[in-house]
Amino acid sequence: MCPSVFEDAIETFLSPIGDLLAEEKVTEIMINGPGEIFAEKSGLVYKTPNKFTNEEALQAAMRSIAQSVGRKIDNENPRLDARLPNGSRIHAVLPPMARNGTTVAIRKFSKEKLTLKDLISFKSLSVDAARFLDICVFLSKNILVSGGTGSGKTSMLNVLGSRMPKTQRLIVIEDATELQIKAEHVVFFETRKADPTRGTTEVSIRHLLESSLRLRPDRVIVGEVRGEEALDLITAMSTGHSGSMGTVHANTPTDACTRLETLCLMGDVKIPPDAIRKMIGSAMQVIVQCARYHDGGRRTSHISECLGLDEFGRYICKDIYRWVQTGKDPQTGRYIGESVPCGYVPTFFEEIIVNKLPFPKSKFVAPDWYKKLMESGHGEGGH
Ligand SMILES: Nc1ncnc2c1ncn2[C@@H]1O[C@H](COP(=O)(O)OP(=O)(O)OP(=O)(O)O)[C@@H](O)[C@H]1O
Ligand SMILES: [Mg+2]
């Protein structure tokens, strides 16, 4: 079948959710069996009236998607990870593993990627915090973007990557293409799964990272660090590719470092855990924590500096900016808050001065209300 035939077939099979796919404001569609479909719109998840006729119709849709990417979804392969022709990411699990019936999540692909300005206008980030991030990218700090599922990590990485100085060469490595970094000199790599039916072997993030280091990058970006490639990224960061970045699944900046350590140890490494911890402590410089709050809003909850290890071998992360909730809109239920400086001046402040970047020390001074909040012990709020 030619690609357009696949596209037509997929469109027909997915017609029960056609309106959700077409509606730009819907960012995610979650199918829990044929009769229960939820969607996320403007950060809020709601139940839709949409339904597939029956389980068979839903499975037929999944089969046509699998076929279009040269894969199978059946009893033997009950899980599917694929992309729709328009770039949206889809993951499906068949029954009996999925007890509700075929369960699917579609992360819609949006052509218009968020910019630093968008994040400011959504109040995910204050102007000063955004400018500070810009400075971190400019000064080639190694940055780890951390957060839970759907917290905005990839969007943040996209924004940061696009702020890179024009003169530098960037290599981006991903499992499935999501990033659309707007830079003058950028090369994109995507992994490949092994397919015995076609005789192709796996090309992993680790393989591509190895190649990329031989392709003269100034910086490397790994879309999602999920496995042993963590060690290669850390090595790249500490061996002449400063300004490299990646994302990791973790709930706090310190957890992000610990997670990276666990990932480094997943492979067949001969380096002792203590040495790996030291490598991470010295390679990692800035951690940007993304969070999805209970009101549906995504915010940059922390921008922290990693200072290495303390005498007990624990990571030291100092918060530079934090998003603090100050209220709640009674009409919309949305949280009101802002990113506040925490009163900590990063160790690389000298570099800001030397490079004559217009960002005075006063930008790191915590407001009185924040100091009082911290003193009262009520400042460490959840999401
Ligand atoms: N600051 C933000 N404000 C509003 N929406 C946002 C923000 N950041 C991201 N989003 C939206 O949230 C959705 C999820 O974002 P994104 O893919 O970046 O998250 P993620 O953490 O990378 O998810 P995953 O864990 O699945 O990789 C997207 O639709 C994106 O447009
Ligand atoms: Mg992501």
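Me: Which helix gives the most to the shell around ligand 1?
Reply: Keep in mind that this is a predicted model. There are 15 residues around ligand 1, and T27, S124, G152, T154 and S155 come nearest. Two of those names, T154 and S155, turn up again in the helix covering residues 153-161. That helix puts in three residues, and it's helix 6.

Me: How many residues of helix 6 are buried?
Reply: Helix 6 is mostly covered. Its buried residues are K153, T154, S155, M156, L157, N158, V159, L160 and G161. Out of nine residues, the buried ones come to nine.

Me: How many residues in the shell around ligand 1 are polar?
Reply: Sort the shell by class and you get three nonpolar residues and two charged ones. The polar group in that shell counts ten.

Me: Which residues of strand 6 are buried?
Reply: Strand 6 runs over residues 103-107, and its side chains alternate between two faces. T103, A105 and R107 point to one face and aren't buried. Pointing to the other face, and buried, are V104 and I106.

Me: Which residue in strand 6 is the bridge partner of N32?
Reply: Strand 1 takes in residues 26-32, and five bridges join it to strand 6. The two run antiparallel. For N32, the partner in strand 6 is T103.

Me: And what stands opposite V104 in strand 6?
Reply: Here we turn to strand 5, residues 89-93, which also runs antiparallel to strand 6. Five bridges join strand 5 to strand 6. Opposite V104 stands A92.

Me: Why do the buried residues of helix 7 sit on the same side?
Reply: In helix 7, residues 205-213, the buried ones are I205, R206, L208, L209 and S212. As a rule, an α-helix has 3.6 residues a turn, so residues three or four places apart point the same way. The buried residues of helix 7 are on the same side because they cover an arc around the axis of only 165 degrees.

Me: Which helix is among the elements covering the buried residues of helix 7?
Reply: The cover includes three strands: strand 8 (170-174), strand 9 (186-190) and strand 10 (219-222). It also includes a helix at 229-238, and that's helix 8.

Me: How many residues of domain 1 are in contact with domain 2?
Reply: Domain 1 spans 3-107 and domain 2 spans 116-375, with 31 Å between their centres, taken over C-alpha atoms. On the side of domain 1 that touches domain 2, there are one nonpolar, two polar and two charged residues. Domain 2 brings five residues to the contact, and the number from domain 1 is five.

Notes:
Residues are numbered from 1 along each chain as its sequence is written. Chains are lettered from A and ligands numbered from 1 in the order in which they are written. This is a predicted model: local features need pLDDT of at least 70, side-chain atom pairs count only at pLDDT 80 or more; totals for chains, interfaces and linings use all residues. A residue is buried if 20 or more other C-beta atoms lie within 10 Å of its own, exposed if 12 or fewer, and partly exposed in between; C-beta atoms are placed from the backbone. Helices (H or I, at least four residues) and strands (E, at least two) are DSSP runs, numbered from the N terminus. The arc is that of the directions from the helix axis to the C-beta atoms. Two residues are in contact if their C-beta atoms, placed from the backbone, lie within 7 Å. Domain bounds come from an automatic or database domain assignment. Ala, Val, Leu, Ile, Met, Phe, Trp, Tyr, Cys and Pro count as nonpolar, Asp, Glu, Lys and Arg as charged, and the others, Gly among them, as polar. A residue is near a molecule or strand if its C-beta atom, placed from the backbone, lies within 6 Å of it. Two strands pair if DSSP finds at least two bridges between them.
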